[in-house]
Amino acid sequence: MPSEQNSLEKPALWTRNFTTCAIVNFLLFFSFYQLLPILPLYIIEKFQTDNATAGVIISLYTIGALACRPFAGFLVDTLSRKPLYFWTFFAFTLCFLGYKTVGLLPILAVVRFAHGLFFGISSTASNTVAIDSLPASRRGEGIGYFGISVNLAFATGPMTGMFLYEAFGDSIVFAMSVILCVVGLILVKTLNVPPKEKRPHAPLSLDRFFLTRAIPQFINFIFVGFAYGPVTNYIALYAKELDIGGSGWFYALIAAGLIMNRIMTGRLIDRGYLIHLVGAGMTLIIFAFTLLAFAQNPLMFFTSAFLIGTSLGLIFPGYQTMCVNLARHDQRGTANSTYLSGWDIGIGTGILVGGSLAEVFGMHRQMFFVCAIALLIGDILFFTWTSRHYTKHKLEG
């Protein structure tokens, strides 16, 4: 009977606002992930350029997202969140039309940079509005579930984009992204977000753009992003080197591992196992990338994908919960932008360094081994610095 009473008193998690935020977030990320596999082909074919130039254009998205992250947190914490969310999502949608309409490569580069810029702000707003909808006692669980919207997009977006491209060409992929974003914009309009309370403006300081209390988490997350960056761009090429087909399933297995662990991780985080879960994920991911680097057959290759997803399912909600728990209520936007900035820096650096390593060694195997070494350094940092810092400085509620 007492347990039944406790469950009845448990604050609601799946409110209308939270559910709507999760759906919109899925549409935002799905529309982007659809483009991942086809954009290099589209750029090379339309503008008659080489792989290196196409890679630079594509990386401008990450640079744009990274450039706006500190300001995104400041804007989300300073301005009314719903209008900011809507208009940056609207600008993000317009960029899909830009890809198809521009005829000069330099202008395409500007569109790609702007796409990353508006994505950075709208995704920060999305995370913050969702977290505001969560009861403090179920925050870890809610963050875990919310992250599934990204994982589902990652699992289905690239495959859908590739299937549509092969069957109907690139126009249908861009059109589909625009349609999904329009649906997302309509849903954003239905969100019930309280208007911003008018308070005296606090003096400008670094804390309003970057959560300085989360510096260890930020640095640690860079190492994770650095390792994952090459996975986003070079898995298909690595699979070709290994003579392994069906590389699209690699991403599906990552997503499967992520979703499976996110469902379980959130509740365990709320029960006080945050440090243990992130530590387990940081250690497991070293093994996963080592297995990937030394893969000799499809079993090793695809098993590494599932293990990468499983470990990230522990790491993602863990680091985000850490950053949010280190922030005051009026710093949640900054906390989310700090968390996402670490990921963006890691991803961008990993893609650039990974490409250079592959060029030097002539293969991608050594590149993934370097990723495993970077993760080992990150693992050591977590246990000797990041976890202790969090335990000492976390805020309650």
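**Exercise 1. Determine how the residues lining the largest cavity divide by chemical character, and find where they come from.**

Solution. The residues that line the largest cavity of this structure divide into 23 nonpolar, 11 polar and 4 charged. The structure, which is a predicted model, holds 3 cavities of 30 Å³ or more, and the largest of them contains about 710 Å³ of space. Its lining is made up of 38 residues, and those nearest the centre are Phe29, Tyr33, Phe119, Val150 and Trp343. As a next step, turn to the helices: α2 (16-33), α4, α6 (105-132), α7, α9, α10, α11 (298-325) and α12 each supply at least two lining residues. The greatest contribution to this lining is that of α4, with 7 residues.

**Exercise 2. Describe the largest pocket by its volume, its lining and the helices that supply the lining.**

Solution. Begin with the volume, which for the largest pocket is about 1400 Å³. Then consider the lining, which consists of 37 residues, with Pro40, Asn233, Tyr234, Ala236 and Leu237 lying nearest the centre of the pocket. By character, the lining of this pocket divides into 23 nonpolar, 10 polar and 4 charged residues. Finally, the helices that each supply at least two residues of the pocket lining are α3 (39-47), α4 (51-78), α7 (139-168), α9 (215-241), α10 and α12 (332-361).

**Exercise 3. Decide whether Gly313, Thr124 and Leu35 are buried or exposed, and list what each of them touches.**

Solution. The cut-off needed here is that a residue counts as buried when its relative accessible area is under 20%.

- Gly313 is found in helix α11, and because its relative accessibility is 0%, Gly313 counts as buried. Leaving out residues up to four places away in sequence, Gly313 touches Leu258, Asn261, Arg262 and Thr265. Between the C-alpha atoms of Gly313 and Cys21 the distance is 20 Å, while in sequence these two residues are 292 residues apart.
- Thr124 has its place in helix α6, and with a relative accessibility of 0% Thr124 therefore counts as buried. With residues up to four places away in sequence left out again, Thr124 touches Arg69, Ala72, Gly73, Val76, Gly333, Asn336, Ser337 and Leu340.
- Leu35 belongs to the loop between α2 and α3, and its relative accessibility is 1%, so Leu35 counts as buried. Apart from neighbours within four places in sequence, Leu35 is in contact with Phe96, Tyr99, Val173 and Phe174. One of these partners, Val173, is 138 residues away from Leu35 in sequence, yet their C-alpha atoms are 7.3 Å apart in space.

**Exercise 4. Identify the residues that touch the most other members of the largest nonpolar core, and follow one of them to its contacts.**

Solution. The largest nonpolar core has 125 residues, and those touching the most other members are Phe250, Phe289 and Phe301. Helix α10 (residues 248-293) provides the largest share of this core, namely 18 residues. If we now follow Phe250 and set aside residues up to four places away in sequence, we find that Phe250 touches Val231, Ile235, Leu292, Phe301, Phe302, Ser304, Ala305 and Ile308.

**Exercise 5. Find out how the confidence of the prediction varies along the chain.**

Solution. First take the chain as a whole: its mean pLDDT is 85, and 93% of its residues reach 70 or more. Then compare the elements, among which helix α13 (residues 365-393) has the highest mean pLDDT, 95, and helix α1 (residues 2-9) the lowest, 50. Over residues 1-7 the pLDDT is below 50, and this stretch has 0 contacts in the model beyond near neighbours in sequence.

Technical notes: Residues are numbered from 1 along each chain as its sequence is written. This is a predicted model: local features need pLDDT of at least 70, side-chain atom pairs count only at pLDDT 80 or more; totals for chains, interfaces and linings use all residues. Side-chain values use heavy atoms; hydrogens and water are left out. A nonpolar core is a set of buried Ala, Val, Leu, Ile, Met, Phe, Trp, Tyr and Cys residues joined through side-chain atoms within 4.5 Å. Buried means under 20% relative accessible area, exposed over 50%, partly exposed in between (1.4 Å probe, protein chains only). Helices (H or I, at least four residues) and strands (E, at least two) are DSSP runs, numbered from the N terminus. Contact means heavy atoms within 4.5 Å. pLDDT is the predictor's confidence in each residue, from 0 to 100. On a 1 Å grid over the protein atoms alone, a cavity is a set of points where a 1.4 Å probe fits but cannot get out, and a pocket is an open set with protein on both sides within 12 Å along at least five of seven lines; lining residues have an atom within 4 Å of a point. Grid points are joined across faces, edges and corners, and a volume is the space filled by probe spheres set on the points. Ala, Val, Leu, Ile, Met, Phe, Trp, Tyr, Cys and Pro count as nonpolar, Asp, Glu, Lys and Arg as charged, and the others, Gly among them, as polar.
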